[in-house]
Amino acid sequence: MKNDRARSLLLTALSAAAFFCVVAGSAFAHSRSSDGGSHAGLDIPEISHGEMAVMSDYRGRIIGLASRAVDTNEPFRRVLNYAEIQYSYCLWGRMPGSVTDEESPFNECAHAYLAATKAVLLSMREMPREAAAAGEIISAVDADMVRRGLALISCRFSGEAFNTADIVKPRWSGIPFHAASVASLTGLASLFGLGVFALRRFSRPKAQSSE
């Protein structure tokens, strides 16, 4: 029983450590990629603040459908790849307020991965095998937009287009001034510390018994 609990705590600690390393490793990065964006890639149209709230709910279905798509081409695959890379840079959408809060240091990068997700969805309307499923998702998104009254909601990033050659990173310098982000990262650090403490505590008797 104790061994199972120790393994569970170990997995929790390792997961927290991996997540924390992503945060710490990028702590001094700029909002955009260091080269300022060559814009040699593919353009991705902007997405409104209101659209983001709905698109984030359907992201899993969209990416799942796109990943199984058969009749693809290089531009489609590049935009899909960008959507997934950008999602990881935005810490997999785990930060509170990243989609809904304009002041979040993660809001601009959330715009980027959701704009790419939207572009992927619209592209699938032209694919024979995926068109029907894509159409159903588009109809559901449109219905949710109307039902929730989000169509006209915008923010400072709503008119911003993106490019597959330009990775948008979180504004790490803004985290200390965003309470929800500070609380989330503080909780993560505490979880990591507790996991390490528990691991050391439960592994100590085993080490002593082997002597």
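Start with what sits over the buried residues of helix H5: select helix H2 (49-68) and helix H4 (107-123), which are both part of that cover. Keep in mind as you click around that this is a predicted model.

Now select H5 itself, residues 131-148. Its 18 residues reach 25 Å from the first C-alpha to the last, close to the 26 Å expected at 1.5 Å a residue.

Next, color Ala134, Ile137, Ile138, Val141, Asp144 and Met145, the buried residues in H5. Why do they end up on the same side of H5? Look down the axis: they cover an arc of only 125° around it, so they share one side of the helix.

Swing around to the face turned away from that buried side. Here you can pick out Ala132, Glu136, Val146 and Arg147, which are exposed.

Then step just past the end of H5 and click glycine 149, where phi is positive, at about 60°.

Time for the salt bridges. How many does the structure hold? There are 3, and you can visit each in turn.

**Stop one: glutamate 51 and lysine 118.** Show both side chains and you'll find them meeting in a salt bridge, 2.8 Å from N to O. This pair links distant parts of the chain, with glutamate 51 in helix H2, lysine 118 in helix H4, and their positions 67 residues apart. Are these two buried or exposed? Both glutamate 51 and lysine 118 are buried.

**Stop two: arginine 148 and aspartate 57.** Select this pair and look for the closest N and O atoms of their salt bridge, which are 3.0 Å apart. Arginine 148 belongs to helix H5 and aspartate 57 to helix H2, so the pair ties together parts that are 91 residues apart in sequence. Switch on a surface here: arginine 148 counts as partly exposed, at 36% relative accessibility, while aspartate 57 counts as exposed, at 52%.

**Stop three: arginine 147 and aspartate 144.** For the last pair, stay on H5. The side chains of arginine 147 and aspartate 144 form a salt bridge with an N to O distance of 3.0 Å. Because they are 3 residues apart in helix H5, about one helical turn separates them. With the surface still on, check each partner: arginine 147 is exposed, with a relative accessible area of 61%, whereas aspartate 144 counts as buried at 14% relative accessibility. You've met both already, since aspartate 144 is among the buried residues of H5 and arginine 147 is one of the exposed residues on the face turned away from the buried side.

Terms used:
Residues numbered from 1 in each chain as written. Predicted model: local features only at pLDDT ≥ 70, side-chain atom pairs only at ≥ 80, totals over all residues. Heavy atoms only, no water. Helix = DSSP H or I, 4+ residues; strand = E, 2+ residues; numbered from the N terminus. Expected span 1.5 Å × (residues − 1). Buried < 20%, exposed > 50% of the residue type's maximum accessible area, 1.4 Å probe, protein only. Arc of directions from axis to C-beta. Contact = heavy atoms within 4.5 Å. Salt bridge = Lys/Arg side-chain N within 4 Å of Asp/Glu carboxyl O.
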